[in-house]
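User: Please take a close look at the aromatic residues of this protein, and at the helices that carry them. I would like one connected account that I can follow with the model open beside me.

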Amino acid sequence: MRSQGPSGHEAGAWRHGHEPSVAAIAFGSLVIGVVVALIYLGASGAPFLLDDRPSILENPSLSAGPWSAAAWSPPSWSFTAGRPLLNWSFALSASWGGLDAAGFRWLNVVLHALNALLLAATVAELLRLPGNDAAVAARSRAVGFACGLLWAAHPAHTAAVTYVSQRAEVLMATFNLLTMLLFLPGLRSGRPIVWRCAVAAAFAAGVLVKESVVSAPFVCLLVDWVYRRRSDGGGRGRAPWWDYAAFAPGFAMLAVSALVTALPARMAVDGAGWLNLRSAEVQVRALGHYLTVAVWPHPLVFRSEEH
């Protein structure tokens with residue numbers, strides 16, 4: 001029999017006493033914001049680098065301004081091809097401070113701080129799900145804050161934050177984390193359709209930033225599966241159809257974008273097609289490298305030709 005999860009009354013009773021106060025949220029946000037600002041203060045004077053030139057300096061779609069349709073139509077040769085929301089964010093930065101690298105970079109810093117807060121909230125929300133140990137739920141805010149602070153200060157994020165065109169990674173992470181954060185309340189809500197619509201919007205926005213946001217649905221559904229097994233006493237409670245359908249619009253958008261912008265060709269390595277051993281080898285080694293620096297952040301310089 002399908003598990004329905006806890007009722008609204010049960011969920012509310014479980015969560016009572018574990019909700020963070022406004023003061024605690026404000027203080028935690030201030031600490032994370034100050035830490036991020038201090039870490040990246042010295043990077044504000046750095047120039048544009050590498051892919052920043054075709055993505056920003058030579059990108060004609062940015063000059064029309066963020067409220068022009070052109071801002072949503074990046075040139076096919078640009079790093080932002082197939083990523084209209086990313087391109088729009090660059091147009092927004094250009095409208096604020098012109099082609100000043102510092103202005104572009106500081107928006108990356110703000111997004112990084114926001115991601116740290118989203119991660120803190122997501123971890124806390126996970127730990128407060130009904131079925132978790134009460135002692136764990138009581139410490140959810142502290143654990144979430146610690147995770148957010150570690151994310152904010154971890155040196156592995158340096159390139160994504162300071163290398164302007166890598167806003168793709170930072171902004172994609174924003175919508176990835178937001179997708180997860182909006183997915184969790186639907187597990188216990190009496191009106192999950194409302195939450196799933198919000199999830200669909202967040203995931204679709206992430207698709208418009210970078211294709212790697214496709215990891216979000218799989219993480220969400222894994223959490224859903226674990227949660228339903230717990231609430232079903234170890235059974236195999238199956239999620240309702242809307243848990244899966246919420247991601248369909250985003251995947252449809254990704255498929256269309258891949259066809260229109262020749263995504264496989266853009267993913268090619270050394271001019272070869274993306275479905276070849278060289279491309280697969282680079283991707284596997286890159287993943288291993290990133291997992292390694294997440295634990296031990298040295299060396300932080302990644303060169304694809306070495307992998």
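Analyst:
**Aromatic pairs and their surroundings**

Searching the whole structure, which is a predicted model, turns up seven aromatic pairs. One of these is formed by Phe-203 and Phe-251, whose rings are tilted, with 5.3 Å from centre to centre and 55° between the planes. The pair joins distant parts of the chain, since Phe-203 belongs to helix H10 and Phe-251 to helix H13, 48 residues apart. As for solvent, Phe-203 counts as buried because its relative accessibility is 0%, whereas Phe-251, with a relative accessible area of 33%, is partly exposed. Both rings also belong to one aromatic cluster, made up of Phe-183, Phe-203, Phe-247 and Phe-251.

Phe-183, a member of that cluster, has a charged neighbour as well: Arg-196 lies over the face of its ring, at 4.1 Å from the ring centre. A similar arrangement can be pointed out at Phe-79, where the charged end of Arg-83 sits over the ring, 4.9 Å from its centre.

Helix H13, which carries Phe-251, covers residues 248–260, and its 13 residues reach 18 Å from the first C-alpha to the last, close to the 18 Å expected at 1.5 Å a residue. Its buried residues are Gly-250, Leu-254, Ser-257 and Ala-258. Seen down the axis of H13, these buried residues fall within an arc of 100°, so they line one face of the helix. The face turned away from this buried side carries Val-256, Leu-259 and Val-260, which are exposed.

Helix H10, which carries Phe-203, spans residues 192–207 and is among the elements that give two or more residues to the largest nonpolar core, together with H4, H5, H9 and H11. That core has 44 residues, and those with the most contacts inside it are Ile-56, Phe-90, Phe-104, Leu-187 and Val-209. Its largest share, eight residues, comes from H9. Apart from this core lies another, of eight residues, including Val-36, Tyr-40, Ala-152 and Val-161.

Two of those residues, Val-36 and Tyr-40, lead to helix H2, where they are buried along with Gly-28 and Ile-32. Viewed down the axis of H2, the buried residues fall within an arc of 85°, so they line one face of the helix. What covers them includes helices H5, H7 and H8, while on the other side of H2 the residues Val-22, Ala-23, Phe-27, Leu-30 and Leu-38 are exposed.

How values were computed: Residues are numbered from 1 along each chain as its sequence is written. This is a predicted model: local features need pLDDT of at least 70, side-chain atom pairs count only at pLDDT 80 or more; totals for chains, interfaces and linings use all residues. Side-chain values use heavy atoms; hydrogens and water are left out. Buried means under 20% relative accessible area, exposed over 50%, partly exposed in between (1.4 Å probe, protein chains only). Helices (H or I, at least four residues) and strands (E, at least two) are DSSP runs, numbered from the N terminus. The arc is that of the directions from the helix axis to the C-beta atoms. Contact means heavy atoms within 4.5 Å. A nonpolar core is a set of buried Ala, Val, Leu, Ile, Met, Phe, Trp, Tyr and Cys residues joined through side-chain atoms within 4.5 Å. The expected span of a helix is 1.5 Å times one less than its number of residues. Rings of Phe, Tyr and Trp (its six-membered ring) pair if their centres lie within 6.5 Å; planes under 30 degrees apart count as stacked, over 60 as edge-to-face and the rest as tilted. A charge sits over a ring if NZ of Lys or CZ of Arg is within 6 Å of the ring centre and within 35 degrees of the ring normal.
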